2 protein chains.
Amino acid sequence: MPEILHELTVELGERSYPIIIGRQLLGRQDLTSWVSGHQVMIVTNDTVAPLYLEQAIASFPGLQVDTVVLPDGEQYKDWSTLNRIFDALLEKRHSRKTTLVALGGGVVGDMTGFAAACYQRGVPFIQIPTTLLSQVDSSVGGKTGINHPLGKNMIGAFHQPEIVLIDTDSLTTLPPREISAGLAEVIKYGLIRDLDFLAWLEQEMDRLVALDAEALAEAIFRSCRCKAEVVAQDEREGGLRAILNLGHTFGHAIETYAGYGKWLHGEAVGTGMVMAADLSAREGMITEPEKTRVVEIVRRAGLPDTPPEAMTPDDFMRLMAVDKKNVDGRLRLVLLAAMGEAVVTGDSAPENLAQTLSVFCH
Amino acid sequence: MPEILHELTVELGERSYPIIIGRQLLGRQDLTSWVSGHQVMIVTNDTVAPLYLEQAIASFPGLQVDTVVLPDGEQYKDWSTLNRIFDALLEKRHSRKTTLVALGGGVVGDMTGFAAACYQRGVPFIQIPTTLLSQVDSSVGGKTGINHPLGKNMIGAFHQPEIVLIDTDSLTTLPPREISAGLAEVIKYGLIRDLDFLAWLEQEMDRLVALDAEALAEAIFRSCRCKAEVVAQDEREGGLRAILNLGHTFGHAIETYAGYGKWLHGEAVGTGMVMAADLSAREGMITEPEKTRVVEIVRRAGLPDTPPEAMTPDDFMRLMAVDKKNVDGRLRLVLLAAMGEAVVTGDSAPENLAQTLSVFCH
């Protein structure tokens, strides 16, 4: 029997939607009431399809359900792979009353959401995230898109899902490296906005890494709630929402440098948060022991805390120059104003940034 | 001196924007107040660039103005050409405070608008339409997008411009065939919603074809006003807005059949309106003399009134099956409920449609 453990709503007026967190939901939770037309296109990848596609199809009894299976990996988050979704929709003659369903991790969710935003100028979509990273972060908040050779997520749209269905059972098939990557974003919420949650994570990290279902559901719920609160206040990232990018500016530079798919997004964010904490300490915003606390929790989650060996400060500067947060050529970073409190700033001292980069680059 | 002849507002709440119609506006009307950042990317094509790009650049004194020149033609309204805009934006390091400017016809406007909708998940843009078709139709209302091999405008977004600047002087360099194509959409407004305007057009058609500036400005103003009213009531085409597609379902089939760029969009719409009038007459909605009135005004505008010679009824049925108006596989068409009144219907008798197609196909 499906067991719903937590429920919450992302409050966005007429675009509000529920997040349902539980066990045995996949294939057992009927989702037809979230579909307005008669057609559904489930988008997944070749890793997830053998595990969960049949179950996902079973969630839409009585409807025309078509599927498209993409290759797995961030390196496929590009236009030509996206176009396979459009090909499938047009070949199967899906009208603009169709509903898309993203079944998979962040890449599948971002691409399916963007396809939904663009197909016939916009159709609804449903998020069924199957990785920890996508469950706590990318499936919530409506950011969708693809990569461009010159920058990650440079082409996309804000497009909110109809519902997010999170089945923690899908985490049992996830490689440990992917669990760690998801924990990077979980830790992030504690660092930017919720000191209690950070303390809880320090206490429960071993259970989380060991895939304790109850602990995971709790961590997912608290992460989604944190993200939902921020998104409700600033849907289109006019200001506050940017704090969700703690560690992401350094992290994106690492991902781009390494080549899409080499470092997992969460791994890059883990290292990025350590670098952001180092710079925050140099700026006098947090203490050395607090910085060490960041390093410790990142390590305990099984995440790397140093960038690729050959990467230089110049590589960072060049790659960070195209970050979306930048305004009129000025680099802007998310730093820790204190533990549990993030700030977006373009005012950090260039010599402090240079020192951070020099310490982390070999 | 710039001379503003008409001004109106597209009323869309916080997305409202003005349409300014006049003479000698290009290069003389300062547009910097419509730009929020310091960067502008003007997108145009290789036909328009030699004529008006310098003037357009002069409209943004004191800003970083970059330009990208695309090949001219509907056959380039695809992803790879769109990507040249993203390449230029990223190479010149445009932030998400940049403003895009569409300088050209409908293809440039649709692609620039879609690039603006997607670049870093959405940046503002300005429309400077230089063809009659784009001045009376595509620059107003926020429909943006590109073609897919399986269907026109299948990938896109609703994204409203900051302002539409219409300089009727740009029509003096337009080939007569393009003037006729624009007049197809002008006639459309008379047919679907404004019988007075239709009568005015029957009276003034010779002046319009002869490029009388005052008559053109009046026709553009009344067309934009009609479109603005419809868009204000139904921005995302939930219902009413679909009437703007009179002649477009037949027309899109013709364009796809002929291959993008062979028939001008307005030419296909001209023939499509004649076919829609024929079907409306068979459905008993308008009289034979009223149908003839449609044929006459389309011919007087210099537009074709029969589809490509080798095109069959089966070609039409196949190509119309992917139209965006269709719901769950059912063909929907815009017909004339009466002269000056359009209706969207899925209820026309299949034998009437078959007869219309058989009469128009050789």
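Which elements of chain A make a right-handed β-α-β unit? In this predicted model, the unit is made by strand S3(A), helix H1(A) (residues 49-57) and strand S4(A). S3(A) covers residues 39-45 and S4(A) covers residues 64-70, and the two strands pair in the parallel sense over seven bridges. Within this pairing, Asn45(A) stands opposite Leu70(A) in S4(A).

Chain B has a right-handed β-α-β unit built from S3(B), helix H1(B) and S4(B). Its two strands, residues 39-45 and residues 64-70 of chain B, are parallel and joined over seven bridges. Here Val43(B) is the residue that faces Val68(B) in S4(B). The table lists the strand partners named for each chain.

| Residue in S3 | Opposite residue in S4 |
|---|---|
| Asn45(A) | Leu70(A) |
| Val43(B) | Val68(B) |

**The two copies**

A turn of 180° with a shift of 0.0 Å along the axis lays chain B on chain A, and the RMSD is 0.0 Å. The two copies are thus related as by a two-fold rotation axis. Which residue of chain B comes closest to that axis? Trp79(B) does, with its C-alpha at 4.1 Å from the rotation axis. Of the interface residues of chain B, 100% are also interface residues in chain A, so the copies meet through the same surface.

**Domains of chain A**

Chain A is divided into domain 1, residues 3-173, and domain 2, residues 188-360. The C-alpha centres of these two domains of chain A lie 26 Å apart. Contact between them involves 36 residues of domain 1 of chain A and 29 residues of domain 2 of chain A.

An unreviewed UniProt entry places the feature "domain: 3-dehydroquinate synthase N-terminal" at residues 68-180 of chain A. In the model, that span is 34% helix and 28% strand, and its end C-alpha atoms are 28 Å from each other.

Glu229(A) belongs to helix H7(A), residues 213-233. With a relative accessibility of 36%, Glu229(A) counts as partly exposed. Glu229(A) and Thr9(A) are separated by 220 residues in sequence, while their C-alpha atoms are 9.5 Å apart in space.

**The annotated site and helix H8**

The annotation "binding site" in the unreviewed UniProt entry covers Glu185(A), His248(A) and His265(A). These residues span 81 residues in sequence, yet no two of their C-alpha atoms are more than 10.0 Å apart, so they gather at one spot. Is His248(A) buried or exposed? His248(A) has a relative accessible area of 4%, which is under the 20% limit, so His248(A) is buried. His248(A) sits in helix H8(A), residues 248-258. Leaving aside residues up to four places away in sequence, His248(A) touches Glu185(A), Lys188(A), His265(A) and Val269(A).

In chain B, helix H8(B) also runs over residues 248-258 and is mostly covered, with nine of its eleven residues buried. Among the buried residues are His248(B), Phe250(B), His252(B), Ile254(B) and Glu255(B). What do the buried residues of H8(B) pack against? Their partners in chain B are strand S8 (151-158), helix H5 (176-193), helix H9 (265-282), helix H11 (313-320), strand S10 (333-338) and helix H12 (350-360). Just after H8(B) comes Gly259(B), which takes a positive phi of about 95°.

How values were computed:
Residues are numbered from 1 along each chain as its sequence is written. Chains are lettered from A and ligands numbered from 1 in the order in which they are written. This is a predicted model: local features need pLDDT of at least 70, side-chain atom pairs count only at pLDDT 80 or more; totals for chains, interfaces and linings use all residues. Side-chain values use heavy atoms; hydrogens and water are left out. Two strands pair if DSSP finds at least two bridges between them. Helices (H or I, at least four residues) and strands (E, at least two) are DSSP runs, numbered from the N terminus. A crossover is right-handed if, with the strands pointing away from the viewer, the path from the first strand over the helix to the second runs clockwise. Copies are superposed by least squares on the C-alpha atoms of residues with pLDDT of at least 70 in both. Contact means heavy atoms within 4.5 Å. Buried means under 20% relative accessible area, exposed over 50%, partly exposed in between (1.4 Å probe, protein chains only). UniProt positions are given in the numbering used here, feature names are shortened, and annotations may be inferred rather than shown by experiment. Domain bounds come from an automatic or database domain assignment.
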